[in-house]
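Visitor: Could you walk me through this model and show me how each label is earned?
Guide: Gladly. Take a look first, and then ask away.

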Amino acid sequence: MANKTEKNNMPNAHLHELFVDELKDILGAERQLLKGLKKMASTAHSKKLRSAFETHLQQTEGQIERLRSVFSSLDMTPRGKKCKAMEGLLAEADEIIEEFQDSPEVLDAALVAAAQKVEHYEIASYGCLVTYAKLMEHDEVKELLGQTLAEEKETDELLTEIAMSDSNVAPIV
Ligand code: FE
Ligand code: FE
Ligand code: FE
């Protein structure tokens, strides 16, 4: 079987290196985010927000598995690299948690904002990756990345809903 990563076998082969680079970046980003989501879940005051973070933590684990499938579909070892943007976004989340830890209602709103910044970064990343996969006719890969893109968008919408609802300020007990 032909190696799908061979440049002669696909259209828009000039995008290949960029595509692989961005895949490594998002794999690194998802792995970094696991820790961030655990912290956001344990810090959230409202039940709804905490459970949204817990659900997305599970989804993120699935997204990492999906990226492993993407790499194997391209005959590559799944290797991530440190995402500097995710590192910065999570550092800001930590900062904001510290700043508002004594005012629960503000803290939950701040967590939603921090998490939405993360989701928007992921939406931009997966959006580009889906486009590259489409242009290079990596159909199976495009499908997998598209599933994750849909989850990131749903999560962003859910966070907006939570921010707009009363539960944003309701205590857990
Ligand atoms: Fe993700
Ligand atoms: Fe990055
Ligand atoms: Fe996400």
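Guide: A word on terms before we start: donors are N, O and S atoms within 2.8 Å of the metal. Please also keep in mind that this is a predicted model.

Visitor: What makes the listed atoms donors of the iron ion (ligand 2)?
Guide: The atoms in question are Asp 25 (OD), Asp 25 (OD), Cys 83 (SG) and Tyr 121 (OH), at 1.8 to 2.5 Å. The cut-off is 2.8 Å, so these O and S atoms count as donors.

Visitor: Why is the arrangement around the iron ion (ligand 2) called irregular?
Guide: The four donor atoms subtend angles of 57 to 149°. Tetrahedral needs all angles between 85 and 135 degrees, and square planar needs opposite donors over 155 degrees apart, so the arrangement is irregular. For reference, ideal angles for four tetrahedral donors are 109.5 degrees.

Visitor: How are the donors of the iron ion (ligand 2) spaced along the chain?
Guide: They follow D-x57-C-x37-Y. Cys 83 and Tyr 121 link distant parts of the chain: Cys 83 is in the loop between helix H2 (47-73) and helix H3 (84-100), Tyr 121 is in helix H4 (residues 104-135), and they are 38 residues apart.

Visitor: Are Cys 83 and Tyr 121 buried, exposed or partly exposed, and how do you know?
Guide: Cys 83 has a relative accessible area of 0%, and buried means under 20%, so Cys 83 is buried. Tyr 121 has a relative accessible area of 22%; that lies between the 20% and 50% limits, so Tyr 121 is partly exposed.

Visitor: On to the iron ion (ligand 1): which atoms coordinate it?
Guide: Glu 30 (OE), Glu 30 (OE), Gln 63 (OE1), Glu 122 (OE) and Glu 152 (OE) do, at 2.0 to 2.3 Å. In sequence these donor residues are spaced E-x32-Q-x58-E-x29-E. Gln 63 in helix H2 and Glu 152 in helix H5 (residues 139-164) are 89 residues apart, so the pair links distant parts of the chain. Both Gln 63 and Glu 152 are buried.

Visitor: Which protein donors does the iron ion (ligand 3) have?
Guide: His 56 (NE2), Glu 119 (OE), Glu 119 (OE), Glu 122 (OE) and Glu 152 (OE), lying 2.0 to 2.6 Å from the ion. Their residues are spaced H-x62-E-x2-E-x29-E. His 56 in helix H2 and Glu 122 in helix H4 are 66 residues apart and join distant parts of the chain.

Visitor: What makes Glu 122 a bridge?
Guide: Glu 122 coordinates both the iron ion (ligand 3) and the iron ion (ligand 1), and these two ions lie 3.1 Å apart.

Visitor: How do you know whether Glu 122 is buried or exposed?
Guide: Its relative accessible area is 0%, against a limit of 20%, so Glu 122 is buried. Leaving aside neighbours within four places in sequence, Glu 122 is in contact with Ile 26, Glu 30, Leu 33, His 56, Gln 63, Met 86 and Glu 152. His 56 is buried as well.

Visitor: Why is Thr 155 called buried?
Guide: Thr 155 has a relative accessible area of 10%, which is under 20%, so the word buried applies. This residue sits in helix H5. Beyond its neighbours within four places in sequence, Thr 155 is in contact with His 56, Gln 59 and Glu 119.

Visitor: What is noteworthy about phi of Asn 12 and phi of Glu 137?
Guide: Most residues other than glycine have a negative phi. Phi of Asn 12 is near 55°, a positive value, and phi of Glu 137 is near 60°, also positive. Asn 12 lies in the segment before helix H1 (16-43), while Glu 137 is in the loop between H4 and H5.

Visitor: Why is Glu 137 called exposed, and Asn 12 partly exposed?
Guide: Glu 137 has a relative accessible area of 55%, and exposed means over 50%, so Glu 137 qualifies. Asn 12 has 31%, between the two limits, so Asn 12 is partly exposed.

Visitor: And what does the whole chain look like?
Guide: The chain has five helices and zero strands. Its C-alpha trace spans about 60 × 25 × 20 Å along the principal axes. Buried residues make up 44% of the 173 residues.

Terms used. Residues are numbered from 1 along each chain as its sequence is written. Chains are lettered from A and ligands numbered from 1 in the order in which they are written. This is a predicted model: local features need pLDDT of at least 70, side-chain atom pairs count only at pLDDT 80 or more; totals for chains, interfaces and linings use all residues. Side-chain values use heavy atoms; hydrogens and water are left out. Donors are N, O and S atoms within 2.8 Å of the metal (3.2 Å for Na, K and Ca); water is not among the atoms, so sites may look incomplete. Four donors count as tetrahedral if all angles lie between 85 and 135 degrees; four count as square planar and six as octahedral if opposite donors are over 155 degrees apart and all others between 65 and 115; anything else is irregular. Helices (H or I, at least four residues) and strands (E, at least two) are DSSP runs, numbered from the N terminus. Buried means under 20% relative accessible area, exposed over 50%, partly exposed in between (1.4 Å probe, protein chains only). Contact means heavy atoms within 4.5 Å.
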